[in-house]
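User: I should like to learn how to read backbone angles, burial and packing from a model. Could we proceed feature by feature?

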Amino acid sequence: MNGITEGKIMEDKIEKIGRSTIQHGKSNNRIYLLKLNPADSQMIVPELDNLAKKEGYTKIVTKIHTEALPHFISAGYIMEAYIPRFYNGNTDCVLASRFLDKKREQSPKGQLQPFFKLFDSVNGSNHLNGLEDYQIRKLNELDAVAVTEVFKQVFETYPFPVHKPEYILKTMQSKSALYYGVWDGDRLIGVSTAETDFENKNAEMTDFAVLPEYRGKQLASHLLALMESDVKAAGIKTAYTIARLSQPGMNKTFMKAAYNYSGTLVNNTNIGGSIESMNIFYKHL
């Protein structure tokens, strides 16, 4: 990877429709309904459609309560994945999408078949070796610049501006994201994030980035174990991830940690330089 340059990134916007939160932009060429306020369930469907047509987006993906699903199904959405007991450990979540371009809707069969074979290679054990001479800890605001340097080396593109220290600082200060890192002496070599929704008691385990020369040492698994311990202690009931279909190693990390696969978001996210399909995994803590 050549890293991230300012001129190469077209950052998506995070905005409100009614009382609901969306992310949209040319980078991912989509709208992502991040958080649906139940009061908006009926009116938001045509609003999303109008915005997609105006901007020429080719996909709308939504993260919604199951009770809202009929409004979306009747408008041409399909269910791509689900997460049971997502909201406060009680109510299920559905990830439903509408494709506005036939090419984007095409299933990545060439990648799905090898992915499904991974299930046979994971025996359910998650034995972690020692961390050798590395240190692992929760990160703080003083680490923000080091975090961005890792992301720049690992991700050519990313759906959020993780290459900017001010973005990392903002999410740290808002408590919406908890950052974790592995150090080799004074060098940060691996990063991960728990994007926490304390109101609904769920957390996305995301942003795993390990420098190429340190891969194969179970660093992502160690980060995940620490994240799980922390968020569970903070009252989080459901952990989930949106993992790149093209990266078998990261998928196996979650499989070995007893996460459940529940679907694939087809041609969903601009990461690593192109639009990729993403797998959903979840685990009740």
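User: In which strand is R85 placed?

Analyst: R85 belongs to strand β5, which covers residues 78-87. The model is a predicted one, and each value discussed here is computed from it.

User: How should the phi angle of R85 be read?

Analyst: The general idea is that most residues other than glycine have a negative phi. R85 is not a glycine, yet its phi is positive, near 55°.

User: Is R85 buried, partly exposed or exposed?

Analyst: A residue is called buried under 20% relative accessible area and exposed over 50%, with partly exposed in between. R85 has a relative accessible area of 40%, so it is partly exposed.

User: What is the phi of K175, and where is K175 placed?

Analyst: K175 is likewise no glycine, and its phi is positive at about 65°. K175 sits in the loop that runs between α6 (165-173) and β8 (177-184). Its relative accessible area is 55%, and therefore K175 counts as exposed.

User: Which residue follows α8 with a positive phi?

Analyst: That residue is A258, with a phi near 70°.

User: Which residues of helix α8 are buried?

Analyst: As a general guide, an α-helix has 3.6 residues a turn, so residues three or four places apart point the same way. In α8, residues 248-256, the buried residues are N251, T253, F254 and M255.

User: Against which elements do the buried residues of α8 pack?

Analyst: They pack against the helices α4 (109-121) and α7 (219-233) and against the strands β10 (202-210), β11 (238-244) and β13 (274-284).

User: Where is Y259 found, and is it buried or exposed?

Analyst: Y259 lies in the loop between α8 and β12 (260-271). A loop position does not settle the matter of burial, which is read from the accessible area. For Y259 the relative accessible area is 5%, so the residue is buried.

User: Which residues does Y259 contact beyond its sequence neighbours?

Analyst: Once neighbours within four places in sequence are left aside, Y259 is in contact with M205, L224, E228, A239, Y240, F254, F281, Y282 and K283. As a distance reference, the C-alpha atoms of Y259 and S174 are separated by 28 Å, with their positions 85 residues apart along the chain.

User: Which residues touch the most other members of the largest nonpolar core?

Analyst: They are I168 and M205, in a core of 66 residues. With residues up to four places away in sequence not counted, M205 touches T193, A194, L224, M227, E228, V231, A239, Y240, T241, F254 and Y259. Apart from the largest core lies another, of 19 residues, among them I31, L51, I64 and F72.

User: How should V210 be read?

Analyst: V210 lies in strand β10. Its relative accessibility is 13%, and so V210 counts as buried. Residues up to four places away in sequence excluded, V210 touches V154, I189, G190, R215 and L219. V210 and S192 are 18 residues apart in sequence, and their C-alpha atoms are 8.7 Å apart.

User: Where is L131, and which residues does it touch?

Analyst: L131 is in the loop between α4 and β7. With a relative accessible area of 16%, L131 is buried. Its contacts, not counting residues up to four places away in sequence, are I136, L219 and H222.

User: Is L142 buried or exposed?

Analyst: L142 is exposed, because its relative accessibility is 81%. The residue is found in the loop between β7 (135-138) and α5 (144-154). L142 and L169 are 27 residues apart along the chain, and their C-alpha atoms are separated by 8.9 Å.

User: What describes the protein chain as a whole?

Analyst: The chain contains eight helices and 13 strands, and 53% of its 285 residues count as buried. A compact globule with 285 residues would have a radius of gyration near 19 Å, and the 18 Å of this chain agrees with that. Among contacts with a separation of 6 or more, 65% join residues 24 or more positions apart.

User: How many charged side chains of each sign are there?

Analyst: There are 34 positive and 32 negative side chains, and the centres of the two sets lie 4 Å apart. The accessible surface is about 13200 Å², and 49% of this belongs to carbon and sulfur atoms.

Notes:
Residues are numbered from 1 along each chain as its sequence is written. This is a predicted model: local features need pLDDT of at least 70, side-chain atom pairs count only at pLDDT 80 or more; totals for chains, interfaces and linings use all residues. Side-chain values use heavy atoms; hydrogens and water are left out. A nonpolar core is a set of buried Ala, Val, Leu, Ile, Met, Phe, Trp, Tyr and Cys residues joined through side-chain atoms within 4.5 Å. Buried means under 20% relative accessible area, exposed over 50%, partly exposed in between (1.4 Å probe, protein chains only). Contact means heavy atoms within 4.5 Å. Helices (H or I, at least four residues) and strands (E, at least two) are DSSP runs, numbered from the N terminus. The radius of gyration is taken over C-alpha atoms; the globule rule is 2.2 Å times the number of residues to the power 0.38. Accessible areas come from the Shrake-Rupley method with a 1.4 Å probe; for residues, only the protein chains shown count as cover. Lys and Arg count as positive and Asp and Glu as negative; His and the chain ends are not counted. The place of a charge is taken as NZ of Lys, CZ of Arg, CG of Asp or CD of Glu.
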